[in-house]
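Here's a quick tour for anyone opening this one up for the first time. Have a look at the structure below, then read on.

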Amino acid sequence: MTRVAVTLVIVGLTVAGTVAGSDSHFPFAPFQMFSIADNPNEPIMVLRTDGIDTTGARIELDERNAGVRRAEIEAQIDRFKADPSLLRSVQDAYAARNPGRPPLVEVDIVEVQHHLHNAQPTGVITEVVLARWRP
């Protein structure tokens, strides 16, 4: 009897959450973050972190060569835009992992926009520098 009562309560909460719930009622309401589609004609944005060394070479900075994951940059993008000097930590991490390589003279956070038409790539790619730090 207890199992039936618990099952009915869970089913009732799920139905009520589905009808009138929001993300804050999860798991008894749908998680709406994944329930909508992006506009098929809007660009897809991807962040990239680049460094330019003393030879002028542009290097994509990632977890292997700088110890920084894209998600860490994305999570703090507003901080980096407000204070690009925070990118010094990325330069320092790159230098520590790459002794003997030319040092970085610039670190950029670049928003790469892949343009779409009817959800298909158009081949047009736009790059916008969101934050730049030069020592």
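In this predicted model, D108 and R58 form a salt bridge, with their closest N and O atoms 3.5 Å apart. D108 sits in strand β3 and R58 in strand β2, so the pair ties together parts that are 50 residues apart in sequence. D108 is buried, at a relative accessible area of 0%, while R58 is partly exposed at 45%.

**More salt bridges**

- R134 pairs up with E106 in another salt bridge, and here the closest N and O atoms are 2.6 Å apart.
- That pair links the segment after β4, where R134 lies, to strand β3, home of E106, so it ties together parts that are 28 residues apart in sequence.
- The two ends sit in unlike surroundings: R134 is exposed, with a relative accessible area of 52%, but E106 is buried, at 7%.
- Through shared partners, salt bridges join R48, D50, R58, E106, D108, E127, R132 and R134 into one network.
- Within this group, R48 and D50 form a salt bridge whose closest N and O atoms are 2.8 Å apart, and both R48 and D50 are buried.
- Search the whole structure and you get eleven salt bridges.
- As general background, side chains of opposite charge can pair when their charged atoms come close.

**The sheet**

- Four strands make an open sheet in the order β2-β1-β3-β4, and the pairing is antiparallel.
- Which strands sit at the edges? They are β2 and β4, each of which pairs on one side only.
- On average, neighbouring strands of this sheet are turned by 35 degrees against each other, ignoring direction.
- Helix α5 packs on the sheet and touches β1, β2, β3 and β4. The direction of α5 makes about 110 degrees with that of β3.
- Strand β1 covers residues 44-53 and runs antiparallel to β2, joined to β2 by four bridges.
- If you want to trace a bridge, start at G51: its partner in β2 is I59.
- In general, strands of a sheet pair through backbone hydrogen bonds, either parallel or antiparallel.

**The nonpolar core**

- The largest nonpolar core is made of 16 residues, and L61, L87, V90 and I109 have the most contacts inside it.
- Two or more residues each come from β2 (58-61), α4 (77-82), α5 (88-97), β3 (104-117) and β4 (120-133).
- Which element gives the most to this core? That's β3, with three residues.
- V90 is a good place to zoom in: leaving out residues up to four places away in sequence, V90 touches T49, L61, A66, V68, I73 and V107.

**A look at N65**

- N65 is found in helix α2, which spans residues 63-66.
- Is N65 buried or exposed? With a relative accessibility of 15%, N65 counts as buried, because the cut-off for buried is under 20%.
- A polar atom of the N65 side chain lies 3.0 Å from the backbone oxygen of E60.
- The backbone nitrogen of D62 is also matched with the N65 side chain, lying 2.8 Å from a polar atom there.
- Beyond neighbours within four places in sequence, N65 is in contact with I59, E60, A93, Y94, R97 and N98.

Note on methods: Residues numbered from 1 in each chain as written. Predicted model: local features only at pLDDT ≥ 70, side-chain atom pairs only at ≥ 80, totals over all residues. Heavy atoms only, no water. Core = buried A, V, L, I, M, F, W, Y, C linked by side-chain atoms within 4.5 Å. Buried < 20%, exposed > 50% of the residue type's maximum accessible area, 1.4 Å probe, protein only. Contact = heavy atoms within 4.5 Å. Pairing = 2+ DSSP bridges. Axes fitted to C-alpha atoms, helices over the stretch in contact; angles between N-to-C directions. Polar contact = N/O pair within 3.5 Å; in protein donor to acceptor, adjacent residues only side chain to side chain. Salt bridge = Lys/Arg side-chain N within 4 Å of Asp/Glu carboxyl O.
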